[in-house]
Every structure is written in C-alpha cells, then in structure tokens.
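Work through these exercises with the model open beside you. Each task comes with a solution in steps.

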Amino acid sequence: MLTDGLNINEKGHLTIGGCDTVELAETYGTPLYVMNEEVIRQALRAYVQSMETYYPQGGRVAYASKACCFLEMYRIAAQEGCGADVVSGGELYTALRAGMPAERLYFHGNNKPEGELRMALEAGVGRIVVDNPAELRRLSSIAQDMGSTAAILLRVTPGIDAHTHQFIRTGQIDSKFGLTLENGEALAAAREALSLPGIDLKGFHCHIGSQIFDVDPFAHAADVMLRFMARVRGETGATLTELNLGGGFGIRYTDRDQPKPFGAYMKQVSAVMSQTAAELDFPLPFIILEPGRSVAAPAGITLYTVGAVKSIPGVREYVSVDGGMGDNPRYALYKAAYTVVAANRMREPNTRVMTISGRCCESGDLIQENVPLPDCEHGDILAVLGTGAYNYSMSSNYNRLPRPAVVMVMDGTSRVVVKGETYEDLIRNDV
C-alpha cells in the first residue's frame with residue numbers, strides 16, 4: 001500500500017512527499033490532515049492527458065470539489081488547466097476567491113436556493129446543472145428578472161446501477177438526483193428547457209455513483225446518454241453539444257481494491273461513444289469529466305497520536321487515538337475501509353489485531369476495526385492512508401472538537417493550507 005508518494009525512511013518512519021510523518025506530527029500536532037501536492041497534480045494531469053488523447057473533439061476536466069474543498073485545492077486545479085464542480089454557494093464562493101475562472105465552474109445540487117442561483121448567474125459560472133423541472137422554471141424566472149441567460153445542463157438519471165454502496169449510487173432510477181430517463185421526465189424537461197426564456201440548454205449531465213472499479217457502467221452510461229441526445233434531436237430538432245459524464249472512478253483504500261488506470265476508463269468510454277455516434281450519425285459532443293475522490297483521496301493521509309491501549313481478553317483490543325468521527329466520519333457512516341499503519345514503527349512486524357477507537361463520546365466512534373498493527377503504546381503515531389477525500393470536507397465539531405489543520409507537502413517541504421481551528425473559533429458565532 002506504500003504508493004503514491006509514501007515511503008519508509010532510514011528511521012523506519014513513514015514519509016509522504018519526502019516529509020517524515022513523525023516530524024510532521026511533532027511540528028503541527030495531531031490529528032493532522034496531510035496532502036501530497038505532487039500526487040494531486042499528477043492525477044489531474046493524467047485526466048487532462050487522457051482527455052486530450054481520447055477525446056479529440058474537445059473536453060474539460062472539472063475537479064469535483066466536494067471531495068476536498070479549500071482554497072489551495074481550487075488553485076491547484078486551476079493551475080493544471082482544470083475547472084471545478086461546485087455543489088453549494090460555499091463551494092462556489094471558495095472557488096471564486098481562489099481565482100478559479102467562473103466560466104470553468106459547473107454548479108450542481110438537487111435543491112439550490114434562489115440566492116445561490118442568483119450568485120451563480122452574477123458570477124458568470126460556465127454551466128448550471130439543473131436537477132428538476134421546478135428548478136428549471138425557477139431559474140428561468142430568476143434569469144429573466146436579472147436580464148441574464150443561464151447556460152445549463154440537465155441532470156439525467158440514466159437508470160444504471162453501478163454496483164457500489166447504496167449511499168453512493170446516484171444513477172439508478174430510485175435516486176434523489178436528476179430527471180428520470182425511463183418515464184419520459186428527462187425528455188419532457190429537455191423540451192421545456194428549449195422553450196423557456198432565459199435558458200440556454202447546452203446538453204446533459206449524468207453521474208452513476210462513486211468508488212466504481214468496473215469500466216462497463218461508465219461505457220454503458222455514455223452509450224445511453226448519446227442515444228438520448230440523438231432522441232432529443234429527433235423529437236425537437238435541437239442538436240445539443242455537451243455531455244457531462246460525471247465521475248466516480250474508484251481508488252485503492254486497501255489491498256483488496258484494484259482500480260484501473262485513468263486512461264483505461266477514458267479509452268473504453270471513448271471507443272463506445274465513437275461507435276454509438278457513428279451509428280446514430282450524431283456529432284461527438286464536448287465531454288466533461290468530474291473526478292474528485294480519485295484526485296484527492298490517494299494524496300491524503302491523517303495522522304493521530306495513540307493515547308491508550310485497552311485489551312479485553314478473548315474479545316477485542318482497542319487503541320485509542322486523539323481524533324475520530326469528527327475528522328473522519330466515513331467508517332461510522334458506512335463502514336468505509338482504510339489501511340492503517342504505525343507511522344513511527346514501519347519496519348516492525350504487525351503482531352496485533354486492533355480496533356482504532358476515536359475520542360468522541362459515541363460507542364460507534366471507530367476509525368477501523370480488526371486491523372494488523374505492531375504492539376502499539378502511548379505516544380505512537382498512527383497514519384490512516386487514503387483520507388484525502390471526504391474526510392476534511394465531511395468533518396464536524398461534534399463534542400466541540402476543533403477541526404484539524406491541513407498541511408500540504410511536496411519535495412520534502414511542508415506548509416499549512418488550512419489552519420487548525422482553535423477553541424475561540426468554536427464559539428465565534430455563538431451569541
């Protein structure tokens with residue numbers, strides 16, 4: 001599992017981006033989020049290169065920033081020539097403050113407030129991804145009131161089960177997101193969008209889920225969506241030119257996960273699209289991809305300090321750390337699997353099977369269960385790997401715990417990109 005910029009130095013310590021994790025813990029304290037900038041940039045470049053290789057008709061990589069959202073992530077994405085997918089006024093505000101060009105932004109959400117729609121129009125976002133007929137009509141009214149035109153994509157639910165966890169499947173019929181293809185809702189919305197004032201329908205969006213390892217669901221979604229675009233042309237005479245295929249590409253959290261290279265997805269999906277477009281005599285659309293987890297997750301680790309070890313003979317051994325569900329809620333939510341290592345004892349054998357427990361006042365506050373570790377003791381540093389996505393972005397102040405700092409590392413140097421919260425930050429908005 002020691003890939004993506006992770007190594008072991010002469011002290012037997014885990015390193016990330018050339019930085020000793022034990023020294024990072026000593027310098028910045030724990031819990032601590034650590035992100036490897038080079039891994040982030042390499043992932044974005046791989047997507048951009050794949051797009052240039054397999055989609056000569058043109059396309060864009062839009063980083064799905066809900067995976068990990070702070071100013072520096074948007075700056076890096078912008079520097080690498082990418083856009084961003086934003087799902088709230090807060091993400092939109094952060095992206096704009098970071099200098100991300102507004103025209104490269106795709107504004108998502110199944111229930112966008114009017115104020116956020118106005119904010120998006122005022123900023124000149126590239127596309128608003130409309131989720132339902134009510135939002136479509138509301139956006140038309142707002143755009144007319146502002147003397148503006150909203151360039152939009154309609155989010156379509158293509159009816160594809162991506163065989164992933166039920167909480168992160170979004171492309172099947174039973175989903176809170178999007179316009180259903182099977183019952184004619186998507187076609188009706190397309191007709192209406194083409195007729196509404198203040199609306200400029202550019203194309204469609206779909207997203208079938210997250211943490212998907214099989215290429216076939218992506219290829220199937222591309223085929224289904226292209227056929228739908230051809231049907232819209234046949235029914236309305238409008239040849240729409242953009243297709244956003246979302247993201248959801250799987251990453252390696254444990255040695256059981258076997259993700260394919262980014263290019264494997266791009267190559268197969270491109271081949272299917274070319275074949276379907278030729279069959280239908282439909283021009284290949286401009287393609288947008290929205291990778292998030294696959295960009296951020298492999299770049300990140302979280303460091304914790306061991307407080308105590310509790311042994312219940314014949315039952316379980318607990319190792320308690322100074323973080324928990326406040327900085328990583330994913331195990332408590334849906335038993336998300338991670339690899340855990342003792343960062344200061346990397347060359348020692350894993351002789352124990354332990355459950356990592358957090359400090360929150362909840363029995364379910366666990367980071368992982370039954371993981372192999374050395375004989376841990378107070379003061380050891382544990383590293384949870386692959387935490388760059390949906391850890392910082394889903395963190396909370398439960399039990400009034402301050403959120404940890406985020407440190408970016410590269411070429412043996414480190415810098416703070418998000419300050420750790422203080423107790424004063426916790427009461428800042430109290431009255």
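**Exercise 1. Find which residues Ala230 is in contact with, leaving aside its neighbours within four places in sequence.**

Step 1. Apply the cut-off: contact means heavy atoms within 4.5 Å. Ala230 is then in contact with Leu280 and Phe282, its neighbours within four places in sequence left aside.

Step 2. Place the residue. Ala230 lies in helix H8, residues 216-236. Helices (H or I, at least four residues) and strands (E, at least two) are DSSP runs, numbered from the N terminus.

Step 3. Check its exposure. Ala230 has a relative accessible area of 14%, so it is buried. Buried means under 20% relative accessible area, exposed over 50%, and partly exposed in between, with a 1.4 Å probe and protein chains only.

Step 4. Look back along the chain. Ile208 is 22 residues from Ala230, and their C-alpha atoms are separated by 20 Å.

A note on the source: this is a predicted model, where local features need pLDDT of at least 70 and side-chain atom pairs count only at pLDDT 80 or more, while totals for chains, interfaces and linings use all residues. Residues are numbered from 1 along each chain as its sequence is written, and side-chain values use heavy atoms, with hydrogens and water left out.

**Exercise 2. Describe the surroundings of Asp20, including its nearest side chain of opposite charge.**

Step 1. Locate Asp20. Its strand is E3, residues 19-20.

Step 2. Look for a charged partner. Asp20 is buried yet has no salt bridge. The nearest side chain of opposite charge is Lys11, 4.5 Å away. A salt bridge needs a side-chain nitrogen of Lys or Arg within 4 Å of a carboxyl oxygen of Asp or Glu. For charge, Lys and Arg count as positive and Asp and Glu as negative; His and the chain ends are not counted.

Step 3. Look for polar contacts. Such a contact is a pair of N or O atoms within 3.5 Å; within protein, one must be able to donate a hydrogen and the other to accept it, and residues adjacent in sequence count only if both atoms are side-chain atoms. The side chains of Asp20 and His13 make one, at 2.9 Å. At the start of H1, a side-chain oxygen of Asp20 also reaches to within 2.8 Å of the backbone nitrogen of Val22.

Step 4. List contacts beyond four places in sequence. For Asp20, they are Asn9, Lys11, His13, Leu14 and Thr15.

**Exercise 3. Which residues of helix H1 are buried, and where do they lie around its axis?**

Step 1. Pick out the buried residues. In H1 (residues 21-28), they are Thr21, Val22, Leu24 and Ala25.

Step 2. View down the axis. The buried residues of H1 fall within an arc of 160°, so they line one face of the helix. The arc is that of the directions from the helix axis to the C-beta atoms.

Step 3. Turn to the face away from the buried side. There H1 carries the exposed residues Glu26 and Thr27.

Step 4. Follow the chain onward. After H1 comes Gly29, with a positive phi near 85°. A cis peptide bond then joins Thr30 and Pro31, with omega about -5°. Pro31 lies in the loop between H1 and E4.

**Exercise 4. Trace the strands joined to E14, and find a positive phi in its hairpin with E15.**

Step 1. Recall the rule: two strands pair if DSSP finds at least two bridges between them.

Step 2. Start with E4 (residues 32-36). It is joined to E14 (residues 300-312) by 4 bridges, and the two run antiparallel. Leu32 has Leu303 as its bridge partner in E14.

Step 3. Go on to E19 (residues 381-385). It runs antiparallel to E14, with 5 bridges between them. Ile381 in E19 stands opposite Thr305.

Step 4. Finish with E15 (residues 316-321). Here 6 bridges join it to E14, again antiparallel. Val319 in E15 stands opposite Val309.

Step 5. Inspect the hairpin. E14 and E15 have 3 residues between them, and Gly314 takes a positive phi near 75°.
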